[in-house]
Amino acid sequence: MEFLFEFGLFAGKFIFGAVCIVIALVCVLMAVKAAKGEMDEKKEKLKFTDLMVEAEERKDSIEDAVLRFDANKDEKTLKKELKLKSKNRNKSEEAHKKERAEKIKKAKDEGRFCPKRIFVLDFEGDTHASASHDLRLKVNAILDIATAEDEVIVNLDSPGGVVNGYGFCSSILERIRERGIHLTVCVDNVAASGGYLMSCVADKIVAAPFAYVGSIGVVANIPNFNKVLKKHDVDYEQVTAGKYKRTLTMFGENTEEGRAKFKAEMEAIHFRFKEIVSKYRPKLNIEEIATGEFWLGKDALERGLVDELNTFDAYLQNSLEFTQDCAIKISIERKEKKTLKDLLGKFFSAKTWTRAVKEEVAQSVNNATPYR
């Protein structure tokens, strides 16, 4: 009995040790695989979508749906009509291309700009101008091939934010304008402050009737806790080198000189903002509209802040009809990086184990012999 006990104990230790070694090896292999995958994997990739093909597919899908949902057609008639429609689709496409070519020729003869190619970008801004990185990548790609015959349409939505971030975004769009490429900015919701700093660079600004536009101004909010610190006998020391290294502070006692300097800095930024707006929209009465106010799209049109009332979708659909070659939407595709921590967390999560048990039970039930 004692021998059997010792042998069982030895076997248990051996099995436990073997299991630990296997787990350790699995973890190492997973870590190596994850690290290798992270090195090999591209963090971001440009994605190109053919909007003309997308529009045709959408049109075909809705036409098929209309045929399918027609209650007056029996199954046999429906199949026949769908088959006939599919057969005639190529003929219809050729006829549509010919019709569109004639429409474009007529528009060009009348002096209308019909872009050879359209490039479409989305810009969804936050207060930190986080989308500036993606915007730079997209614009770099466009400038590799675009010419003065092309048009870039930016679907912009931004309430503004940090000065340097939105100043940078505005400069990125300026590169398009400087190359003589037609630039249109569409605003469905809001282009305020930094958002308008970007928009004003465009050849044309298209706004929805109830979009917020404008807010040509600068604002900064700084709370001050100096009185609270004094009340609790807390001293605050701040050491600077340079007279105006810190004008206003959150914890120290602010001075009138510091406030005046901070105000002057804000005015300087506002002056540069007005300078950019005036450069690209010289007909505006800049002092009248650079008050920090915003307007609805229709009121903005009356004041000259925008050029056309329309939504992005409507403007784009109309533009596709007059585009000669292609319309490409450029976006950034990112793959989710999975680290060892993520993989282990997922492995040990209750949700994973619950799903595994459910699958096991379902499989057992499916494989069970029916009771007779």
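Arg281 is buried in this predicted model, because its relative accessibility is 8%, under the 20% cut-off. Its salt-bridge partner is Asp307, with the closest N and O atoms 2.7 Å apart. Arg281 sits in the loop between helix H8 and helix H9, and Asp307 in the loop between helix H10 and strand S8, so the bridge ties together parts 26 residues apart in sequence. Asp307 itself is partly exposed, at 38%.

Arg281 also touches Tyr196. Beyond its neighbours within four places in sequence, Tyr196 has further contacts, including Ile205, Val277 and Leu305.

That brings me to the interior. Tyr196 is among the residues with the most contacts inside the largest nonpolar core, together with Phe123, Leu135, Val152 and Val154. This core has 48 residues, and helix H5 gives the most to it, with 5. A second, separate core of 13 residues includes Met52 and Cys186.

Allow me to turn to helix H5 and its packing. Helices H4 and H5 pack at about 10°, with their axes 10 Å apart; they are therefore roughly parallel. Among the residues that meet there are Leu135 and Val139 in H4, and Phe168 and Ile172 in H5. The contact comprises 8 nonpolar, 2 polar and 2 charged residues.

Finally, I return to salt bridges, of which the structure holds 15. Glu321 pairs with Lys103 at 3.0 Å. Glu321 lies in the loop between helix H11 and strand S9, and Lys103 in helix H3, so this pair ties together parts 218 residues apart in sequence. Asp122 and Lys329 also form a salt bridge, linking strand S2 to strand S9 across 207 residues.

Terms used: Residues numbered from 1 in each chain as written. Predicted model: local features only at pLDDT ≥ 70, side-chain atom pairs only at ≥ 80, totals over all residues. Heavy atoms only, no water. Axes fitted to C-alpha atoms, helices over the stretch in contact; angles between N-to-C directions. Helix = DSSP H or I, 4+ residues; strand = E, 2+ residues; numbered from the N terminus. Parallel < 35°, antiparallel > 145°, perpendicular 65-115°, else oblique. Contact = heavy atoms within 4.5 Å. Nonpolar A, V, L, I, M, F, W, Y, C, P; charged D, E, K, R; others polar. Core = buried A, V, L, I, M, F, W, Y, C linked by side-chain atoms within 4.5 Å. Buried < 20%, exposed > 50% of the residue type's maximum accessible area, 1.4 Å probe, protein only. Salt bridge = Lys/Arg side-chain N within 4 Å of Asp/Glu carboxyl O.
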